[in-house]
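Let's take a walk through this structure together. Have a look at the sequence and the model first, and then we'll go from one spot to the next.

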Amino acid sequence: MAVHTRHPAGAPPSAPSRESTGHLLLRGYAVLLLFIALATSFWFNLLGAAGLGVLVGVTTIVSIALWIVLRPPIVWRLLPWLPLTYVVWAAASVLWSAWPDATALTWALLAATTVQALFLASVLTWRELVAAISSALTWIVGLSLAFELWVSLVVHGPVLPNFLLWDGELVTELYWSRDNLFDGGRIQGIVGNAHLLAIACLLALIVYAIRIASSPQRRAWFIGWSVVSAFLLWRSSSGTVWLALAAVAVVLATMLLMRTTRAPGERTKYYVAYAGLGILGGIVLWLWRDDLLEFLGKSSDLTGRGGIWQAVAERAAEHPWLGWGFSTPWLPWVPEFDGWIIVNDLTVFHAHNVWLDAWMQLGIVGVALLGLSYLAVIWRAWFFAIDRPRWDLRADRPYQALTLLPTLVMTVLLVQGLAESRPLGEWGWLFLVLFAHKLAQSPHVGEGPAEQSLAIERGEALRRMPR
């Protein structure tokens with residue numbers, strides 16, 4: 001005689017919960033947003049300035065609409081107020097800007113990037129965020145290799161952007177691809193710039209390593225893409241990115257070493273030792289800088305950057321406190337920028353240094369706000385990576401590989417910012433705001449208002465974070 005029971009132990013096993021179609025579409029949309037931010041120059045080369053503006057405007061409106069519909073829980077007092085204050089200060093600079101039209105236009109791009117960063121951090125969990133970044137970078141790496149193969153095997157020559165904003169003599173810097181895949185030259189991928197391709201490949205290697213450590217069942221997939229990324233990184237040959245790679249290796253080793261400590265005071269000796277090594281390394285790099293730059297294929301002034309920095313510093317010194325007005329990037333058709341600094345017959349559109357650029361545009365006040373924003377994110381990211389997850393009395397929870405991501409990405413941004421100004425916009429600014437918001441709202445993987453709300457919707461059993 002059959003006996004029926006409602007006790008859970010006797011109940012038939014149920015199928016695991018599946019994500020709704022709507023959430024799958026949301027994750028796909030998040031990948032698109034990250035792809036736009038990480039490969040902005042690709043969209044510029046494909047659609048032109050007007051097309052890129054329309055794309056950014058439409059996606060921003062869609063994100064705001066989705067935000068209103070989804071209403072992800074947010075602790076308002078934990079918003080990233082320092083980066084947001086920087087955005088407000090940039091907007092206020094239109095009042096004294098020497099180029100108000102450029103300020104208004106470029107600030108709109110900054111505001112759109114900020115909105116997208118806040119949106120992504122609010123609607124995705126940490127694991128979903130890492131997966132979305134991984135997917136976006138995979139598209140960039142894969143399409144870059146396919147694009148270079150197409151140029152070399154089908155076109156058999158350099159390719160120009162579809163919409164070329166240039167009426168002078170053609171220079172090689174304007175090529176989308178120079179057809180260098182099989183001749184040993186530097187390749188540029190879909191982003192149309194060897195340095196930007198190298199940065200994307202370095203980020204991909206970081207994310208793939210984290211996915212390999214977190215998802216053993218997909219290890220072969222990520223190892224394969226790591227090999228492709230390493231090949232493109234080598235062929236793009238960016239000296240700045242090689243330095244960033246070395247910095248990432250040192251920071252990663254330091255974080256893993258910090259995770260081995262047991263007693264409260266053990267980390268102090270490591271901090272002192274690394275501070276000493278950092279000072280010694282800085283002295284060595286300064287004394288042998290010419291040899292290092294020669295090894296990296298750069299001149300002693302970093303391929304003309306010395307002259308750029310001097311010109312920017314001289315202009316910044318004329319309005320040291322408030323700056324000349326926000327413009328990231330410098331719009332080459334603005335009279336104050338057109339022909340101001342020329343390198344390889346082209347008008348330079350940024351200072352090739354984050355801090356000099358911020359000083360010239362927004363003065364000492366802007367530099368202070370930017371520096372405090374970086375400091376706040378790095379501080380949270382560091383302890384997010386090296387401390388065990390703990391929100392109650394339990395102190396033996398295992399470390400997770402994905403908690404290393406914010407610190408490693410911020411390391412890349414800091415090194416890139418020494419020779420490039422791109423961290424002030426595009427993916428650099430997006431990641432700064434995204435991590436600032438996510439680390440404050442969800443200080444542990446699986447914990448925090450947004451993380452718990454999404455988990456509960458999918459039927460996962462996660463503890464609520466005490467308020």
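One term before we set off: a residue is called buried when its relative accessible area is under 20%, exposed when that figure is over 50%, and partly exposed in between. Keep in mind, too, that what you are looking at is a predicted model.

Let's put that term to use on the salt bridges. How many salt bridges does a search of the whole structure find? It comes up with three. In one of them, the side chains of Arg305 and Glu420 meet, at 2.5 Å from N to O. This pair links distant parts of the chain, with Arg305 in helix H11 and Glu420 in the loop between H13 and H14, 115 residues apart. Are the two partners buried or exposed? Arg305 is buried, and Glu420 is buried as well.

Another salt bridge joins Arg267 to Asp387, and here the closest N and O atoms are 2.8 Å apart. Arg267 belongs to helix H9, while Asp387 sits in the loop between helix H12 (354-386) and helix H13 (405-419), so the pair ties together parts that are 120 residues apart in sequence. The two ends have their own surroundings: Arg267 has 17% relative accessibility and therefore counts as buried, whereas Asp387, at 31%, counts as partly exposed.

Then there is the bridge between Glu426 and Arg422, with 3.2 Å between the closest N and O atoms. Arg422 is buried, with a relative accessible area of 16%, but Glu426 counts as partly exposed because its relative accessibility is 27%. You'll find Glu426 in helix H14 (residues 426-441). Its backbone deserves a glance too: Glu426 has a positive phi of about 50 degrees, although it is not a glycine.

His156 has a backbone like that to show as well. This residue is not a glycine either, yet its phi is positive, at about 60 degrees. Where is His156? Its place is in the loop between H5 and H6. His156 has a relative accessible area of 58%, so it is exposed. For another backbone detail, move to the loop between H11 and E1, where Pro329 is found. The peptide bond leading from Thr328 to Pro329 is cis, with omega near 5 degrees.

Now for the rings. The structure holds 25 aromatic pairs. Take Trp99 and Phe337, which form a tilted pair, 4.5 Å centre to centre and with 45 degrees between the planes. Trp99 is in the loop between helix H3 (81-92) and helix H4 (100-123), and Phe337 is in the loop between helix H11 (305-318) and strand E1 (342-343), so far along the chain that 238 residues separate them. Both Trp99 and Phe337 are buried.

Phe147 and Trp176 make another tilted pair, with 5.2 Å between the centres and 40 degrees between the planes. Because Phe147 lies in helix H5 (residues 126-155) and Trp176 in the loop between H5 and helix H6 (194-214), the pair ties together parts that are 29 residues apart in sequence. Phe147 is buried, and Trp176 is too. These two also belong to something wider: ring pairs link Phe35, Phe42, Trp43, Phe147, Trp150 and Trp176 into a cluster.

Rings can meet charges as well. The charged end of Lys269 sits over the ring of Tyr270, 5.5 Å from its centre. Arg315, for its part, lies over the face of Trp324, at 5.5 Å from the ring centre.

Follow Phe35 from that cluster and you reach helix H1, where the buried residues include Phe35, Leu34 and Tyr29. How far apart are the end C-alpha atoms of H1? They are 26 Å apart, which agrees with the span that 18 residues should have at 1.5 Å a residue.

Let's finish on the surface. Leu277, Ile279, Leu280, Ile283, Val284, Trp286, Leu287 and Trp288 form a nonpolar patch there, with about 890 Å² of accessible area together. One of them, Ile283, is found in helix H9 (residues 266-287). With a relative accessible area of 46%, Ile283 is partly exposed. Elsewhere, in helix H4, you'll find Ala104, which counts as partly exposed at 43% relative accessibility. Ala104 and Gly325 are 221 residues apart in sequence and 9.8 Å apart in space, C-alpha to C-alpha.

Definitions and conventions. Residues are numbered from 1 along each chain as its sequence is written. This is a predicted model: local features need pLDDT of at least 70, side-chain atom pairs count only at pLDDT 80 or more; totals for chains, interfaces and linings use all residues. Side-chain values use heavy atoms; hydrogens and water are left out. Rings of Phe, Tyr and Trp (its six-membered ring) pair if their centres lie within 6.5 Å; planes under 30 degrees apart count as stacked, over 60 as edge-to-face and the rest as tilted. Helices (H or I, at least four residues) and strands (E, at least two) are DSSP runs, numbered from the N terminus. Buried means under 20% relative accessible area, exposed over 50%, partly exposed in between (1.4 Å probe, protein chains only). A charge sits over a ring if NZ of Lys or CZ of Arg is within 6 Å of the ring centre and within 35 degrees of the ring normal. Patches are made of residues with over 30% relative accessible area and no salt bridge: like charges are joined within 9 Å, nonpolar side chains (Val, Leu, Ile, Met, Phe, Trp, Tyr) within 5 Å. Accessible areas come from the Shrake-Rupley method with a 1.4 Å probe; for residues, only the protein chains shown count as cover. A salt bridge is a side-chain nitrogen of Lys or Arg within 4 Å of a carboxyl oxygen of Asp or Glu. The expected span of a helix is 1.5 Å times one less than its number of residues.
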